[in-house]
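Please look through the sequence and the structure shown here. The paragraphs after them go from the overall form to single residues.

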Amino acid sequence: MNKIKNYFKPFLKYKENEGLKKHSLVEYERFINQTFLPIANKEVKDLRLTDRVEVMELGRKHGYWGQQRAISVMRQFVKYLNDNGQKVSFPWQYIKLPKVVDKEQDFLAPEEFEDMMSKLPQSFYGLRDRALYELLWSTGLRIGEALQIDIKDINFFEKEIKVHTAKGG
């Protein structure tokens, strides 16, 4: 059982038992099956820190954050191997996440925003959408935060809105 691929299913079961959500488990399995190809047939004892380069390269095919996700899964997998008595030639902490270059973000100029707003229909849905866009534009809220706002979260007298943040902030 010392081939690395023999530990994939037990690792996923371990993550499930840790309470990982179904979607996360599917993502873990996808990254294992698609980015661990270069290391799958190696013996655990033959795994080297330099193998992260090949895993990272395959992660690149999975979008902007693919390299980081692939390496993050690899870190947790190596930690799992280590915690379960498999001798790995390096500590899992040595696997560093790659830096991701910040994307340049495009913003609408105020004139462009007003032009977009003027094209919304003067219907119930058009006014609803305008209110949402104005809220996002003027406050910088994330869409998920804005969509969680309920009427009881709005204090019209004080002109305040209670925002429920998903990131604990």
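The description starts with the chain as a whole and then takes up the cores, the surface, the charged pairs and one loop.

The model is a predicted one. Its protein chain contains 7 helices and 2 strands. Read from the N terminus, the order of these elements is α-α-α-α-α-α-α-β-β. The C-alpha trace extends over about 65 × 30 × 25 Å along its principal axes. The radius of gyration is 23 Å, whereas a compact globule of 169 residues would have one near 15 Å. Of the 169 residues, 30% are buried. Among contacts with a separation of 6 or more, 52% join residues that are 24 or more positions apart. The accessible surface of the protein chain is about 12,100 Å², and carbon and sulfur atoms account for 54% of that surface.

The interior comes next. In soluble globular proteins, nonpolar side chains tend to be buried together. Which residues touch the most other members of the largest nonpolar core? They are Phe36, Leu47, Met74, Phe77 and Val78, in a core of 27 residues. Helices α1 (8-17), α2 (22-35), α3 (52-59) and α4 (66-83) each contribute at least two residues to this core. The largest share comes from α4, which supplies 8 residues. Another core, of 5 residues, lies apart from this one; Leu135, Leu136, Leu141 and Ile149 are among its members.

Val78 can be followed further. When its neighbours within four places in sequence are set aside, valine 78 is in contact with Leu47, Val88, Phe90, Trp92 and Ile95. Of these partners, Leu47 is also among the residues that touch the most other members of the largest core.

Serine 24 belongs to helix α2. With a relative accessible area of 27%, serine 24 falls between the limits of 20% and 50% and is therefore partly exposed. Its C-alpha atom is separated by 17 Å from that of tyrosine 80, a residue 56 positions away along the chain.

Nonpolar side chains are also found on the surface. Leu108, Met116, Tyr133 and Trp137 form a nonpolar patch there, and together they have about 340 Å² of accessible area. Tyrosine 133 is located in helix α6 (residues 124-139). Its relative accessible area is 32%, so tyrosine 133 counts as partly exposed. A residue needs over 30% relative accessible area to join a patch, and tyrosine 133, at 32%, meets that part of the rule.

The charged residues are a further topic. Side chains of opposite charge can pair when their charged atoms come close. How many salt bridges does the structure hold? The number is 14. In one of the salt bridges, the side chains of glutamate 18 and lysine 15 meet at 2.8 Å, N to O. Lysine 15 is buried, with a relative accessible area of 7%, while glutamate 18 is partly exposed at 47%.

Arginine 142 and glutamate 145 also form a salt bridge through their side chains, at 3.1 Å from N to O. Is glutamate 145 buried or exposed? Its relative accessible area is 9%, so glutamate 145 is buried. Arginine 142, with a relative accessible area of 45%, is partly exposed.

A salt bridge between neighbours in sequence joins the side chains of lysine 45 and aspartate 46, at 3.5 Å from N to O. Here lysine 45 counts as exposed because its relative accessibility is 55%, and aspartate 46 counts as partly exposed at 31%. Beyond these pairs, Glu114, Arg130 and Glu134 are linked in a network of salt bridges.

The last stop is the loop between β1 (154-155) and β2 (160-161), where lysine 159 lies. Most residues other than glycine have a negative phi. Lysine 159 has a positive phi, near 60°, although this residue is not glycine. Is lysine 159 buried or exposed? Lysine 159 is exposed, because its relative accessible area is 75%.

Conventions. Residues are numbered from 1 along each chain as its sequence is written. This is a predicted model: local features need pLDDT of at least 70, side-chain atom pairs count only at pLDDT 80 or more; totals for chains, interfaces and linings use all residues. Side-chain values use heavy atoms; hydrogens and water are left out. Patches are made of residues with over 30% relative accessible area and no salt bridge: like charges are joined within 9 Å, nonpolar side chains (Val, Leu, Ile, Met, Phe, Trp, Tyr) within 5 Å. Accessible areas come from the Shrake-Rupley method with a 1.4 Å probe; for residues, only the protein chains shown count as cover. A salt bridge is a side-chain nitrogen of Lys or Arg within 4 Å of a carboxyl oxygen of Asp or Glu. Helices (H or I, at least four residues) and strands (E, at least two) are DSSP runs, numbered from the N terminus. Buried means under 20% relative accessible area, exposed over 50%, partly exposed in between (1.4 Å probe, protein chains only). A nonpolar core is a set of buried Ala, Val, Leu, Ile, Met, Phe, Trp, Tyr and Cys residues joined through side-chain atoms within 4.5 Å. Contact means heavy atoms within 4.5 Å. The radius of gyration is taken over C-alpha atoms; the globule rule is 2.2 Å times the number of residues to the power 0.38.
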